[in-house]
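Trainee: I would like to take a close look at a single part of this protein, and I would be grateful for one connected explanation rather than a list.

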Amino acid sequence: MKLLSAAQTRALDQATIQAQHITSADLMERAAGAVTNWLLDELLLDYDTEIQVCCGPGNNGGDGLVVARQLHRAGYPVQLWLLPAARHSTDFTHQKQQLPTGLAVRQIAPDNLPTITAGTVVVDALFGTGLSRPLEGLAAALVRHLNDSDATVVAVDIPSGLYADATQPADSAVMRATYTLSFELPKLAFLLPQNASFVGDWRLLPIGLDAQAIQNMACAIHFVTADELRGRLPKRPKFSHKGTFGHALLLAGSKGKIGAAVLATQACLRAGVGLMTTRVPAVGYDILQISAPEAMCLADPATDFLTELPDLTPYAAVGIGPGLGQHDDTRAVLRQLLETAQVPLIIDADALNLLGAQPELQQLLPPDSLLTPHPKEFERLVGEPARDDYHRLDQLRNFAGRTGCYCVLKGAYTALAAPDGALYFNSTGNPGMASGGSGDVLTGLLLALRAHQGISPLAAALVGLHAHGRAADLALPHTGHAGLLASDIVRFIGPALEELMDE
Ligand SMILES: NC(=O)C1=CN([C@@H]2O[C@H](COP(=O)(O)OP(=O)(O)OC[C@H]3O[C@@H](n4cnc5c(N)ncnc54)[C@H](O)[C@@H]3O)[C@@H](O)[C@H]2O)[C@@H](O)CC1
Ligand SMILES: [K+]
């Protein structure tokens with residue numbers, strides 16, 4: 001799915017109106033109808049629920065007027081509140097004229113704010129994508145009043161006061177929504193940790209926006225769904241053999257962290273690699289052979305950390321990082337790998353920290369390599385803290401462009417920047433994954449997909465990120481959030497990948 005800017009969203013609304021020969025009021029009726037249906041069918045409003053609909057002066061307020069009208073007509077006790085304004089949009093004015101006489105209109109004023117009691121549902125239709133400056137005055141006072149209450153707040157399109165694709169000034173008033181109902185496509189703001197407390201649980205409501213117009217919109221930011229990935233992973237042909245799926249090499253582990261090498265190895269195997277060799281320090285040899293008998297193990301001459309790079313000739317892809325440690329001799333192995341590798345690399349964990357500590361090594365990254373930092377590792381990698389989540393995304397795109405590599409930023413919606421500047425957000429996964437070893441599993445999974453000869457670097461990265469989160473989602477009913485271990489994610493990699501395979 002494309003993540004459109006506010007300007008593109010407006011253009012899409014216009015394109016839909018033209019292509020479908022409808023009026024903007026018709027489209028508003030559809031949008032508001034979708035909100036009303038969600039309130040009735042999903043929030044399960046009952047006839048005793050107190051519903052306060054708060055409307056601003058633009059089309060977001062227009063949506064609110066239609067919701068209020070529809071709920072009133074259906075017999076629900078709606079209270080309608082309007083924010084005073086010098087100007088109103090044409091559609092707002094039109095919808096106001098359509099209000100039934102029995103629906104009282106209340107003016108919001110400093111001494112006249114909605115009274116919130118236990119169980120009140122507030123529909124926030126103050127401002128949407130037309131927000132052009134931070135909220136102040138009465139609008140800010142109303143938002144703060146509602147934020148201080150226990151109301152269930154349902155934001156129409158976007159929580160009022162939240163910018164759709166930039167950071168609003170610190171301390172400006174932003175509605176803390178319980179639910180955000182957006183029309184058809186998500187907004188970039190929803191995917192960023194800094195906005196989690198404003199956006200709440202977000203849902204997409206289809207309103208029949210013009211599919212052709214969406215397809216024609218130039219957009220470099222995507223929210224990647226299973227539908228878009230299905231078929232990107234070739235089915236295993238009947239006459240395939242282990243050579244078809246590549247031979248992967250993993251460099252991982254140090255004393256006390258051999259488990260990271262084991263998890264990454266198991267994940268790589270479960271992701272369908274043809275052959276797997278894992279290089280661990282000698283201390284890990286028995287552990288790896290016993291816990292991952294399908295993999296070959298090449299022990300380093302040193303006991304506790306890696307000191308020598310094996311011959312790379314046999315391998316289609318090389319991964320390095322999980323549990324590696326940052327010993328000087330290991331750094332020398334990483335340098336040698338960067339200097340000699342002719343195949344894509346997957347770089348994770350301590351290998352990223354080593355790259356951050358010696359930035360000159362970053363110039364040696366083979367093109368199309370894939371780096372998988374979490375935000376702290378990414379900060380070390382680029383050597384500069386981000387001002388906010390948007391700045392961090394800029395840094396991510398710059399890094400990918402500068403190095404010619406794919407770079408991941410791990411999180412609730414893991415982001416991937418491609419060398420061409422495109423940004424992709426993953427849609428799968430759950431908070432149970434926030435525990436040790438999840439990242440090691442991702443490295444192994446991505447390594448298998450990069451070793452596979454039939455998949456492009458971008459598809460490998462997107463499929464790998466999706467399958468990682470999806471495997472955790474499939475494991476969840478068996479484990480619960482607290483009980484979800486990295487090894488549970490490994491168990492469900494196979495089914496998660498199967499869902500994306502060609503028919
Ligand atoms: N264009 C369309 O056809 C559709 C629009 N829809 C709705 O329309 C919304 C966008 O409507 P608009 O473009 O009218 O924008 P908004 O309703 O978000 O607000 C725009 C109005 O608020 C004023 N304003 C902006 N920031 C302000 C601030 N900080 N303090 C006070 N006033 C401020 C503007 O001057 C303008 O009058 C979407 O979010 C969505 O809810 C939906 O009905 C779907 C169809
Ligand atoms: K809103």
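Which residues of strand 15 (residues 406–409) point one way and which the other way, and are they buried or exposed?

Mentor: Please keep in mind throughout that this is a predicted model. In strand 15, Tyr406 and Val408 point one way while Cys407 and Leu409 point the other way, and all of these residues are buried. To see what lies beside this strand, it helps to follow the pairing outward from each of its neighbours in turn.

On one hand, strand 15 pairs with strand 14 (residues 370–371), and the two run in the parallel sense over two bridges. Within that pairing, Leu371 has Cys407 of strand 15 as its bridge partner, and Cys407 is one of the residues that point the other way from Tyr406 and Val408.

On the other hand, strand 15 is joined to strand 16 by three bridges, and here the strands run antiparallel. These two strands form a hairpin, with five residues between them, and across the pairing Leu409 stands opposite Ala415 in strand 16.

Ala415 is a useful residue to carry forward, since the path continues through strand 16 (residues 415–417), which pairs with strand 17 in the antiparallel sense, again over three bridges. Ala415 stands opposite Phe425 in strand 17, and it also has Leu409 of strand 15 opposite it. Strand 16 and strand 17 likewise form a hairpin with five residues between them, and in the turn of this hairpin Gly421 has a positive phi of about 95 degrees.

Strand 17 (residues 423–426) can be read in the manner of the strand you asked about: Leu423 and Phe425 point one way from it, Tyr424 and Asn426 point the other way, and all four of these named residues are buried. Beyond its pairing with strand 16, strand 17 is joined by four bridges to strand 8 (residues 221–224), with the two strands running parallel. Phe425 takes part here as well, as the bridge partner of Phe223. Following the pairings in order, then, one passes from strand 14 to strand 15, from strand 15 to strand 16, from strand 16 to strand 17, and from strand 17 to strand 8.

As for where this part sits in the chain, the domain assignment gives domain 1 as 6–219 and domain 2 as 229–498. The centres of domain 1 and domain 2, taken over C-alpha atoms, are separated by 42 Å, and six residues of domain 1 are in contact with seven residues of domain 2. On the side of domain 1 that touches domain 2, the residues are, by class, four nonpolar and two polar, with no charged residues.

A helix further along the sequence also deserves a mention. Helix 15 (residues 438–451) has 14 residues and reaches 20 Å from its first C-alpha to its last, which is close to the 20 Å expected at 1.5 Å a residue. Because 14 of the 14 residues of helix 15 are buried, this helix is largely enclosed by the rest of the structure.

For the wider setting, the protein chain holds 18 helices and 17 strands, and 49% of its 503 residues count as buried. Among the contacts in the protein chain with a separation of 6 or more, 73% come from residues 24 or more positions apart.

Key:
Residues numbered from 1 in each chain as written. Chains lettered and ligands numbered in written order. Predicted model: local features only at pLDDT ≥ 70, side-chain atom pairs only at ≥ 80, totals over all residues. Buried ≥ 20, exposed ≤ 12 C-beta atoms within 10 Å, placed from the backbone. Pairing = 2+ DSSP bridges. Domains from an automatic or database assignment. Contact = placed C-beta atoms within 7 Å. Nonpolar A, V, L, I, M, F, W, Y, C, P; charged D, E, K, R; others polar. Expected span 1.5 Å × (residues − 1).
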